[in-house]
Amino acid sequence: IEMKRAHDGESVFDVYPTLEARDNWIRVDIHRRANLLPERFTAIIEGIIELVDRGYNVNFVELTATEQALRNYGYRERLQQLADERENFLFTGLWKKHAHVYEFLASGQCLAEFTDSGSMQEELNHIDEALCLTARFNTDRPETVFEANTNLLVPPTDGEFIADMITHVVETDTIRERMRSGQHLYGNDVGERIVEFLTTRDTDRVFDWAHERLGFESGDSSEFEYL
């Protein structure tokens, strides 16, 4: 994050001037396969449209899988028309530089990121300016929800529910401040610490065979070194 933040190239606001002209954007980044199922995807897109109708500034980022889903479910033309008609809806492709994502999230122009990304839940734990709203029923980063309170799950059950929940969060001062002031969990040099941890345990047995759990004996695992 710090490396990308330090870039001195073209600004995201040069690429998308609308992002600077308006503030309190809700940036939407949806790509997980489970969220492309018809019920979930419909709920997400209808929720986004409802947020735009309520007057919130929404930037929908279209990834490859997202584009295919939009075309398959007949939503792409509707979003393009919405972008043409509404100044508070920006419909973009994948941002070309990840540094632009960090720049925008930390700029003060982005109110929240509505995402299903795993890494974004970690990164937004270290970026206080933007809220993390995760479009999932559960998460493999539970520490961001239960320990740090920097992340909130918004289950994609229904478009109206999604819009209501996001509206409640962004309009409630106490919730916003609690999420923005949450503990930074991961610290510095995370990659080095992960490698050090694994290196000290490289001879540990990390799992049991199913037959062993049932009480059957097992031979010497070194027999499988050839694999």
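1. A starting point for the helix pair below: angles of 65 to 115 degrees between axes count as roughly perpendicular. Please keep in mind that this is a predicted model.

2. With that in hand, have a look at helix α10 (residues 159-171) and helix α11 (residues 173-180), whose axes cross at roughly 80° and come within 5 Å. The two helices, α10 and α11, are therefore roughly perpendicular to each other. On the α10 side, the residues that meet α11 are H168, V169, V170 and E171; their partners in α11 are D173, I175, R176 and M179. By character, the residues of this contact between α10 and α11 are four nonpolar, three charged and one polar.

3. E143 may also catch your eye. This residue sits in helix α9, which covers residues 142-146. E143 is buried, yet has no salt bridge. Which side chain of opposite charge is nearest to E143? That is R141, at 5.7 Å, whereas a salt bridge needs a side-chain nitrogen of Lys or Arg within 4 Å of a carboxyl oxygen of Asp or Glu. Setting aside neighbours within four places in sequence, E143 has contacts with A148, L185 and Y186.

4. Finally, the chain as a whole. The protein chain has 13 helices and six strands, and its C-alpha trace spans about 70 × 40 × 35 Å along the principal axes. Of the 227 residues in the protein chain, 43% are buried, and E143 is one of the buried residues. Taking the contacts between residues at least 6 apart in sequence, 64% join residues at least 24 apart.

Note on methods: Residues numbered from 1 in each chain as written. Heavy atoms only, no water. Helix = DSSP H or I, 4+ residues; strand = E, 2+ residues; numbered from the N terminus. Buried < 20%, exposed > 50% of the residue type's maximum accessible area, 1.4 Å probe, protein only. Lys, Arg positive; Asp, Glu negative; His and termini not counted. Contact = heavy atoms within 4.5 Å. Axes fitted to C-alpha atoms, helices over the stretch in contact; angles between N-to-C directions. Parallel < 35°, antiparallel > 145°, perpendicular 65-115°, else oblique. Nonpolar A, V, L, I, M, F, W, Y, C, P; charged D, E, K, R; others polar.
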